[in-house]
Amino acid sequence: MENAFIILFGFTMLYVAATSRLAAHVNVLVLQGMLLFLICMSGMNEFSLLNFLFIAFETLVIKAIVIPAFLGGLIKRTKEYRDTEANIHHFYSLFIATVVLFGGFLISNLNFPAMKLINPLYFGVSVAVIIISLILITVKHKVISNVLDFITMENGIFLLSLSVAKEMPMIVNLGVLLDLFIAVFILGLLVKHINTKFDDMEVSHLSDLRDCEYVD
């Protein structure tokens, strides 16, 4: 069952690559948060109340509720509902994502000596998710799309952290959670301020930003 959740997590990236609707991407973040919780629960060898509460807080509360709600509100305030002007067509994004995900599945079936220290399927899918997210960040035009793709990349990093240990690597995940909090709210503020200065949320506007001189 654990492997089924991991595979489903990987397939969510195909939907992200194929859709231009930002609200649909937010819904994928909710699904990914739930899947990460199920993956953690399925892979836990011994039940611990502290680990359970921490996992539930990090995945269900933060990744599946708080961050999607924050980003959903950001989409409504900026009135940016689609990213239809990517550098490449969504069909080609889907094709590239499919190839990368297939490569991740191939990696998970390779028998390298170093792979004995990690869970191969965790590793292969998480690396594929990270690469797909990075590719989408480079081809999308909207700033808020880049924020959403950054969150999916963080979810891939979370899954990657699970691949290196059988038990819950709490210190690693605390670091990931802290980075995620800082990144989301800083990027959220950036999107809000860009929206007040420009008519749309194109990434190209970032090159027009200049340092301001402050006068006492």
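What share of the 216 residues of the chain count as buried? In this predicted model, the answer is 48%. Let's walk through the fold and see where some of those residues sit.

Start with the overall layout. The chain has seven helices and zero strands, so reading from the N terminus you simply pass α-α-α-α-α-α-α. Contacts reach a long way along the sequence here: of those with a separation of 6 or more, 76% join residues 24 or more positions apart. On the outside, the accessible surface of the chain adds up to about 11,400 Å², and 68% of that belongs to carbon and sulfur atoms.

Now head inside. The largest nonpolar core has 31 residues, and Phe9, Ile39, Val125 and Leu159 are the ones with the most contacts inside it. Helices α1, α2, α3, α4, α5 and α6 each give two or more residues to this core. The largest share, eight residues, comes from α5. Apart from this core lies another one, of 15 residues, with Leu71, Ile75, Ile130 and Phe150 among them.

Helix α5 deserves a closer look. It covers residues 120-139, 20 residues in total, and reaches 29 Å from its first C-alpha to its last, close to the 28 Å expected. Its buried residues include Leu121, Tyr122, Gly124, Val125, Ser126 and Ala128, and further along Ile130, Ile132, Leu136 and Val139. What do the buried residues of α5 pack against? Their partners are α1 (2-18), α2 (22-43), α4 (90-107) and α6 (143-163). Zoom in on Val125 and leave aside its neighbours within four places in sequence: Val125 is in contact with Ile6, Phe9, Gly10, Gly104, Phe105 and Leu159.

Next comes α1. Its 17 residues should span 24 Å at 1.5 Å a residue, and the end C-alpha atoms are 26 Å apart, which agrees. Among the buried residues of α1 are Phe5, Ile6, Phe9, Gly10, Met13 and Leu14, along with Glu2 and Thr12. The buried residues of this helix pack against α2, α4, α5 and α6. Leu8 also lies in helix α1, but it is not on the buried list: Leu8 is partly exposed because its relative accessible area is 41%, and buried means under 20%. The C-alpha atoms of Leu8 and Gln32 are separated by 9.0 Å, with their positions 24 residues apart along the chain.

What about charged side chains? Side chains of opposite charge can pair when their charged atoms come close. The structure holds one salt bridge, and the side chains that meet in it are those of Lys140 and Asp149, at 3.8 Å, N to O. Are these two residues buried or exposed? Lys140 is buried, because its relative accessible area is 6% and the cut-off for buried is under 20%. Asp149 counts as buried too, at 0% relative accessibility.

Finally, step back out to the surface. Which residues make the nonpolar surface patch of about 310 Å²? The patch is made by Phe57, Val61, Ile65 and Val66. Val66 has its place in helix α3 (residues 49-78). With a relative accessible area of 32%, Val66 is partly exposed, so Val66 passes the cut-off of over 30% that patch residues need.

Notes
Residues numbered from 1 in each chain as written. Predicted model: local features only at pLDDT ≥ 70, side-chain atom pairs only at ≥ 80, totals over all residues. Heavy atoms only, no water. Helix = DSSP H or I, 4+ residues; strand = E, 2+ residues; numbered from the N terminus. Expected span 1.5 Å × (residues − 1). Buried < 20%, exposed > 50% of the residue type's maximum accessible area, 1.4 Å probe, protein only. Contact = heavy atoms within 4.5 Å. Patch = residues over 30% accessible without salt bridge, like charges linked within 9 Å, V, L, I, M, F, W, Y side chains within 5 Å. Areas by Shrake-Rupley, 256 points an atom, 1.4 Å probe, with all protein chains shown as cover. Salt bridge = Lys/Arg side-chain N within 4 Å of Asp/Glu carboxyl O. Core = buried A, V, L, I, M, F, W, Y, C linked by side-chain atoms within 4.5 Å.
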